[in-house]
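Me: Please take me through this model and, for each term you use, tell me what earns it.

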Amino acid sequence: MPKFNDIDLENWKESDVWTDSLWIIHERDKSGKHSNFYHGNFVPQIPRQFILRYSKENDLVFDPFLGSGTTAYECETLKRNFVGVELQSKLVEKVQSNLDKTDKIAKVFCGDSTNRETFEEIHQFLKANKSSRVQLAILHPPYADIVKFSDLEEDLSNRKSLKSSWGVLL
Ligand SMILES: C[S@@+](CC[C@H](N)C(=O)[O-])C[C@H]1O[C@@H](n2cnc3c(N)ncnc32)[C@H](O)[C@@H]1O
């Protein structure tokens, strides 16, 4: 059976993975690079649990809605390679400059995640880095009608219907 994670099932009770069916998070993790400055960001414990469960060290994780970089920072901590996409260039610059230079891939693209050209750029980048697939994709797209993230036309939080939203992702 292929190995999907690093959890030792013999000792699962000692692992950091939450096994309760209901996750009650009393306080969001604000340690390290998680500064909680961005409205509509992940509680870091959520991507952390996904990454621990569904990937292993050195796997490649993809987040097409990077925002403030919560998934990227969790990947850094958990020694995963990471590729992300975000529409807002200021966020891209901030997160990219915050990521350490290590032997892992830690790359953020500025672009539209519904656009085929963005995926072509990522594909070329991965090819140059002798990689062709991601092992885990974590998607945290804008919530309809709740948080407006920017005035950019391509921003999914500005779309009026699901049909007009998903482009290449469907
Ligand atoms: C819910 S937030 C993600 C928050 C992120 N998980 C974090 O912890 O900060 C959604 C993000 O998607 C970005 N976004 C919206 N439309 C996009 C698109 N078409 N392509 C790429 N990013 C987009 C927004 O700018 C916003 O930062």
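Reply: Phenylalanine 62 stands opposite alanine 137 in strand 4, where a strand is a DSSP run of E with at least two residues and a helix one of H or I with at least four, both numbered from the N terminus. This is a predicted model, in which local features need pLDDT of at least 70 and side-chain atom pairs pLDDT 80 or more, while totals for chains, interfaces and linings use all residues. Residues are numbered from 1 along each chain as its sequence is written, and side-chain values use heavy atoms, with hydrogens and water left out.

Me: What makes strand 1 and strand 4 a pair?

Reply: Strand 4 (residues 136-137) and strand 1 are joined in the parallel sense by two bridges, and they count as paired because the rule asks DSSP to find at least two bridges between two strands. Strand 1 (residues 60-63) also runs parallel to strand 2 (residues 81-86), to which four bridges join it, and within strand 2 it is glycine 84 that serves as bridge partner of aspartate 63. Between strand 1 and strand 2 the chain passes through helix 2 (residues 70-77), in a right-handed β-α-β crossover (clockwise from the first strand over the helix to the second, with the strands pointing away from the viewer).

Me: Why is one side of strand 3 and of strand 4 left without a neighbour in the sheet?

Reply: The four strands form an open sheet with parallel pairing, in the order 3-2-1-4. Strand 3 (106-110) and strand 4 are at its edges with a single partner strand each, so one side of each has no neighbour in the sheet.

Me: Which residues of strand 1 are buried on each side?

Reply: Leu60 and Phe62 are buried on one side, and Val61 and Asp63 on the other, which leaves both faces of strand 1 covered; the word buried stands for under 20% relative accessible area, exposed for over 50% and partly exposed for what lies in between, with a 1.4 Å probe and protein chains only.

Me: Why are leucine 156, asparagine 58 and lysine 130 placed in their accessibility classes?

Reply: Leucine 156, in the segment after strand 4, has a relative accessible area of 14% and is therefore buried. Asparagine 58, in the loop between helix 1 (45-54) and strand 1, has 46% and is therefore partly exposed, whereas lysine 130, in the loop between helix 4 (116-128) and strand 4, has 79% and is therefore exposed. The phi of asparagine 58 is near 75° and that of lysine 130 about 55°, positive values in residues other than glycine.

Me: What distances separate the ligand from the side chains of threonine 70, glutamate 86 and tyrosine 38?

Reply: From an oxygen atom of the ligand, an N or O atom in the side chain of threonine 70 is 2.5 Å away, while polar side-chain atoms of glutamate 86 and tyrosine 38 lie 2.6 Å and 2.7 Å from a ligand oxygen atom. The protein buries 100% of the 610 Å² that the ligand exposes when taken alone (Shrake-Rupley areas, 1.4 Å probe).

Me: What radius of gyration does the chain have, and what would a compact globule have?

Reply: The chain has 16 Å, which agrees with the value near 15 Å for a compact globule of 170 residues (C-alpha atoms; 2.2 Å times the number of residues to the power 0.38).

Technical notes:
Polar contact = N/O pair within 3.5 Å; in protein donor to acceptor, adjacent residues only side chain to side chain.
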